[in-house]
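Please look through the sequence and the model below before reading on. The paragraphs that follow go from the chain as a whole to its helices, and then to single residues.

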Amino acid sequence: MSDSQQRTPRGQEIFSITSAPESHSSELGTREKRYAISMAVRTLCFVGAVLVSGPLRWILLSGAVFLPYAAVVIANAGVRRKGEGPSPFGPEAKGQIEAAPAVPREL
């Protein structure tokens with residue numbers, strides 16, 4: 001039996017009670033992995049540009065030139081992501097309470 005089966009009774013859903021983001025070390029590992037994959041694709045573009053000729057060579061070469069910028073932008077995209085859940089700084093917006101109908105006042 002796995003850990004998830006031991007900790008969670010069957011049929012019950014687990015709810016997040018925090019809006020805390022992913023840990024820094026976990027997020028850093030994910031970003032490094034995305035960057036490494038992008039640089040591997042860049043390397044393949046360079047090798048492909050050397051091996052082929054014609055218009056495909058220029059497409060691969062332009063991919064190899066512009067991919068580092070895209071890789072940095074994609075790898076750093078996780079930094080700005082918010083955690084799920086309600087904001088810890090204020091209540092969630094609910095439906096507005098309607099005003100009571102105006103009652104004419106007698107003088």
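Of the 107 residues in this chain, 13% count as buried, and it should be kept in mind throughout that the model is a predicted one. The chain exposes about 9800 Å², and carbon and sulfur atoms supply 62% of that area. As for its elements, the chain has 3 helices and 0 strands, which gives the pattern α-α-α when it is read along the sequence. If one takes the contacts between residues at least 6 apart in sequence, 65% of them join residues at least 24 apart.

With this overview in mind, we can turn to helix α2, which comprises residues 24-51. How far does α2 reach from its first C-alpha to its last? With its 28 residues it reaches 41 Å, close to the 40 Å expected at 1.5 Å a residue. Within α2, the residues E27, R31, S38, M39, C45, G48 and A49 are buried, and what covers the buried residues of this helix includes α3.

Helix α3, made of residues 55-76, can be examined in the same manner. Its 22 residues should span 32 Å at 1.5 Å a residue, and this agrees with the end C-alpha atoms, which are 32 Å apart. There is nevertheless a kink of about 40° in α3, and it lies at F66, shortly before the proline P68. That proline is itself one of the buried residues of α3, a group made up of L60, A64, L67, P68, A71 and A75. Just as α3 is part of the cover of α2, what covers the buried residues of α3 includes α2.

A single residue can show how the two helices meet. Is S38, which is found in helix α2, buried or exposed? Its relative accessibility is 14%, and because a residue counts as buried when this value is under 20%, S38 is buried. Once its neighbours within four places in sequence are left aside, S38 is in contact with L67 and A71, and both L67 and A71 are listed among the buried residues of α3.

Two further pairs of residues let the reader compare separation along the chain with separation in space. N76, whose place is in helix α3, is partly exposed, with a relative accessible area of 30%. Although N76 and E32 are 44 residues apart in sequence, their C-alpha atoms are 9.5 Å apart in space. The second pair is I59 and A49, which are 10 residues apart along the chain and whose C-alpha atoms are separated by 8.1 Å. In this pair, I59 is found in helix α3 and is exposed, with a relative accessible area of 56%, whereas A49 is one of the buried residues of α2.

Finally, the surface deserves attention. Which residues make a nonpolar surface patch of about 330 Å²? The patch is made by V47, V50 and L51. Of these, V50 has its place in helix α2, and its relative accessible area is 65%; because a value over 50% counts as exposed, V50 is classed as exposed. Helix α2 therefore offers both cases to the reader, with S38 counted as buried at 14% relative accessibility and V50 exposed at 65%.

Notes: Residues are numbered from 1 along each chain as its sequence is written. This is a predicted model: local features need pLDDT of at least 70, side-chain atom pairs count only at pLDDT 80 or more; totals for chains, interfaces and linings use all residues. Side-chain values use heavy atoms; hydrogens and water are left out. Helices (H or I, at least four residues) and strands (E, at least two) are DSSP runs, numbered from the N terminus. Buried means under 20% relative accessible area, exposed over 50%, partly exposed in between (1.4 Å probe, protein chains only). Contact means heavy atoms within 4.5 Å. The expected span of a helix is 1.5 Å times one less than its number of residues. The bend at a residue is the angle between axes fitted to the seven residues ending there and the seven starting there. Patches are made of residues with over 30% relative accessible area and no salt bridge: like charges are joined within 9 Å, nonpolar side chains (Val, Leu, Ile, Met, Phe, Trp, Tyr) within 5 Å. Accessible areas come from the Shrake-Rupley method with a 1.4 Å probe; for residues, only the protein chains shown count as cover. A salt bridge is a side-chain nitrogen of Lys or Arg within 4 Å of a carboxyl oxygen of Asp or Glu.
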